[in-house]
Amino acid sequence: MEKAKVAASQPVSVELDEGREYWWCACGRSQTQPFCDGSHQGTGINPLGFKADKSGEAWLCMCKQTKTPPYCDGSHASLEE
Ligand code: FES
């Protein structure tokens, strides 16, 4: 399995709709961050499907190192340069 790429070193704010299913890009290669566009093919990494439990703003992980995917847990702060 390849390693996840750091898509960005900051999380991104998105508006989610309650009950809707989303696919968060776990591999870091998607051109439609923070969501999967199929670019993970061949990496052995799969996107994470999740349902928004409430409507509104959410901060999704872009560094792909979070321990609480798809949400940012602050891991980007300890990325190596
Ligand atoms: S493009 Fe990254 S998980 Fe699908």
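G38 is partly exposed, with a relative accessible area of 30%. In this predicted model, G38 sits in the loop that runs between β2 and β3, the latter strand covering residues 48-51. If you place a marker on the C-alpha atom of G38 and another on that of C63, you will find them 18 Å apart, while the two residues are 25 positions apart along the chain.

Stay in that loop for a moment, since P34 also belongs to the stretch between β2 and β3. The peptide bond leading from Q33 into P34 is cis, and its omega is near 5°. A second cis bond can be found further along, joining P69 and P70, with omega about 5°. P70 lies in the segment after β4. As background for reading these torsions, most peptide bonds are trans, and most residues other than glycine have a negative phi.

That brings us to K64, which has a positive phi of about 65° although it is not a glycine. Like P70, K64 is found in the segment after β4. Is K64 buried or exposed? The cut-off for buried is under 20% relative accessible area, and K64 has 8%, so K64 counts as buried.

Now step back to the overall layout. The protein chain has four strands and zero helices, and the order of elements from the N terminus on is β-β-β-β. What holds the middle together in terms of side chains? The largest nonpolar core has 14 residues, and those with the most contacts inside it are L16, Y22, W24, F50 and L60. Two or more residues of this core come from each of β1 (12-16), β2 (21-24) and β4 (56-60).

L60 is a good residue to select in your viewer. Leaving out residues up to four places away in sequence, L60 touches P11, V12, V14, W24, P34, F35, F50, P70, Y71 and C72. Two of these names are already familiar: P34 follows the cis bond from Q33, and P70 follows the cis bond from P69. W24 and F50, also touched by L60, are among the core residues with the most contacts.

Towards the start of the chain, A8 lies in the segment before β1. A8 is partly exposed, with a relative accessible area of 25%. With residues up to four places away in sequence set aside, A8 touches M62 and C63. A8 can also be related to G28: the two are 20 residues apart in sequence, and their C-alpha atoms are 8.5 Å apart in space.

Finally, some numbers for the whole chain. With 81 residues, a compact globule would have a radius of gyration near 12 Å, and the protein chain agrees because its own value is 12 Å. Along the principal axes, the C-alpha atoms fill a box of roughly 30 × 30 × 20 Å. Of the contacts with a separation of 6 or more, 59% are between residues 24 or more positions apart. Buried residues make up 33% of the 81 in the chain. The chain exposes about 5100 Å², and carbon and sulfur atoms supply 47% of that area. As for charge, there are 8 positive and 11 negative charges, and their mean positions are 5 Å apart.

Key
Residues are numbered from 1 along each chain as its sequence is written. This is a predicted model: local features need pLDDT of at least 70, side-chain atom pairs count only at pLDDT 80 or more; totals for chains, interfaces and linings use all residues. Side-chain values use heavy atoms; hydrogens and water are left out. A nonpolar core is a set of buried Ala, Val, Leu, Ile, Met, Phe, Trp, Tyr and Cys residues joined through side-chain atoms within 4.5 Å. Buried means under 20% relative accessible area, exposed over 50%, partly exposed in between (1.4 Å probe, protein chains only). Contact means heavy atoms within 4.5 Å. The radius of gyration is taken over C-alpha atoms; the globule rule is 2.2 Å times the number of residues to the power 0.38. Accessible areas come from the Shrake-Rupley method with a 1.4 Å probe; for residues, only the protein chains shown count as cover. Lys and Arg count as positive and Asp and Glu as negative; His and the chain ends are not counted. The place of a charge is taken as NZ of Lys, CZ of Arg, CG of Asp or CD of Glu.
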